Amino acid sequence: MKKTTSMVKTAEIKRLWHLLDADGQILGRLATKIAGLLTGKGKANYTPHMDMGDFVVVINAKNIKLTGNKPLAKTYSRHSGFPGGFTQENAGNLLARSPQKVLEHAVSGMLAKNKLQTPRLRRLKVYSGKEHPHGEI
């Protein structure tokens with residue numbers, strides 16, 4: 001008896017929509033759950049080299065919790081590309097100013113650094129409040 005292995009074709013991939021409420025959840029634990037959904041690791045036909053993930057909509061990002069001393073000690077850095085354009089901001093200030101960026105940064109750090117990272121991050125939609133334009137999920 002000959003056994004064969006079947007490969008999933010791109011047309012056969014079914015993408016679901018997941019709605020997650022970030023109210024009172026810890027940043028890292030929520031980010032790992034989102035990264036798993038974006039990569040499609042929970043699916044029975046998961047293939048590492050294919051983009052099998054689902055869409056993820058996160059609401060109430062402004063209510064994410066950071067444990068310990070992270071609001072003051074954790075820093076986010078960026079550079080504008082111009083001389084003297086280096087800026088650092090602590091997690092507490094960035095969470096108050098733009099909570100979507102904190103969650104997106106955490107999720108992007110948990111995804112594989114390859115050509116599939118960008119399309120996976122495009123399927124992540126983060127909103128600071130309850131309202132989102134994606135209808136009933």
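**Entry 1: two helices that meet**

I started with the place where helix 1 meets helix 4. On the helix 1 side I listed Leu 27, Gly 28, Leu 30, Ala 31, Thr 32, Ile 34, Ala 35 and Leu 38. Their partners in helix 4 are Val 102, Leu 103, Ala 106, Val 107 and Met 110. I then sorted the residues of this contact by type and got eleven nonpolar, two polar and no charged. A reminder to myself: this is a predicted model.

Next I wanted the geometry. Two packed helices are described by an angle and a distance, both taken from their axes. At what angle do helix 1 and helix 4 pack? I noted about 60 degrees, and the axes are 9 Å apart. Helix 1 is therefore oblique to helix 4, because the range for roughly perpendicular begins at 65 degrees and the one for roughly parallel ends at 35. I also looked up the hand of the crossing, and for helix 1 and helix 4 it is right-handed. For finding them again: helix 1 is residues 27-39, and helix 4 is residues 99-110.

**Entry 2: stepping back to the whole chain**

I zoomed out and counted five helices and five strands. Reading from the N terminus, I wrote the order down as β-α-β-α-β-β-α-α-α-β. The C-alpha trace spans about 65 × 40 × 30 Å along its principal axes. The chain has 137 residues, and 36% of them are buried. I also checked contacts between residues with a separation of 6 or more: 66% of those join residues 24 or more positions apart.

**Entry 3: the aromatic pair**

How many aromatic pairs does the structure hold? I found one. Its members are Trp 17 and Phe 55, and they are stacked, with 4.3 Å from centre to centre and 5 degrees between the planes. The two sit 38 residues apart, Trp 17 in strand 1 (residues 17-21) and Phe 55 in strand 2 (residues 55-59), so I noted that the pair links distant parts of the chain.

Are these rings buried or exposed? I checked one residue at a time. Trp 17 has 37% relative accessibility, so I put it down as partly exposed. Phe 55 comes to 21%, which means it is partly exposed too; the cut-off for buried is under 20%.

**Entry 4: His 134**

I followed Trp 17 to another residue it touches. Leaving out neighbours within four places in sequence, His 134 is in contact with Trp 17, Val 57, Lys 125 and Tyr 127. His 134 is in the segment after strand 5 (124-126). Its relative accessible area is 25%, so His 134 goes in my partly exposed column. I also took one distance: from His 134 to Pro 99 it is 19 Å between C-alpha atoms, for residues 35 apart in sequence.

**Entry 5: Asn 60, the odd one**

Most residues other than glycine have a negative phi. I found that Asn 60, which is not a glycine, has a positive phi of about 60 degrees. Where is Asn 60? I located it in the loop between strand 2 and helix 2 (70-73). It has 6% relative accessibility, so Asn 60 counts as buried.

Then I listed what Asn 60 touches beyond four places in sequence: Asp 21, Ala 22, Asp 23, Tyr 127, Ser 128, Gly 129 and Lys 130. For a contrast in distance I tried Thr 5, 55 residues from Asn 60 along the chain, and got 43 Å between their C-alpha atoms.

**Entry 6: Ala 22, a partner of Asn 60**

Ala 22 is in the loop between strand 1 and helix 1. I read 0% for its relative accessibility, so Ala 22 is buried. Beyond four places in sequence, Ala 22 touches Leu 30, Val 58, Ile 59, Asn 60, Ala 61, Asn 63 and Ile 64. I had already met Leu 30, as one of the helix 1 residues facing helix 4. Leu 38, also on that list, has its C-alpha atom 16 Å from that of Ala 22, with their positions 16 residues apart in the chain.

**Entry 7: back to helix 4**

My last stop was Ser 108, which is in helix 4. Its relative accessible area is 19%, so Ser 108 is buried, as the limit is under 20%. With residues up to four places away not counted, Ser 108 touches Lys 113, Gln 117 and Leu 121. I also took the distance from Ser 108 to Thr 118: they are ten residues apart in sequence, and 8.8 Å apart from C-alpha to C-alpha.

Terms used:
Residues are numbered from 1 along each chain as its sequence is written. This is a predicted model: local features need pLDDT of at least 70, side-chain atom pairs count only at pLDDT 80 or more; totals for chains, interfaces and linings use all residues. Side-chain values use heavy atoms; hydrogens and water are left out. Axes are lines fitted to C-alpha atoms, for helices over the stretch in contact, and angles run from 0 to 180 degrees between N-to-C directions. Helices (H or I, at least four residues) and strands (E, at least two) are DSSP runs, numbered from the N terminus. Angles under 35 degrees count as roughly parallel, over 145 as roughly antiparallel, 65 to 115 as roughly perpendicular and the rest as oblique. A crossing is left-handed if the near helix is turned anticlockwise from the far one by less than a right angle, and right-handed if clockwise. Contact means heavy atoms within 4.5 Å. Ala, Val, Leu, Ile, Met, Phe, Trp, Tyr, Cys and Pro count as nonpolar, Asp, Glu, Lys and Arg as charged, and the others, Gly among them, as polar. Rings of Phe, Tyr and Trp (its six-membered ring) pair if their centres lie within 6.5 Å; planes under 30 degrees apart count as stacked, over 60 as edge-to-face and the rest as tilted. Buried means under 20% relative accessible area, exposed over 50%, partly exposed in between (1.4 Å probe, protein chains only).
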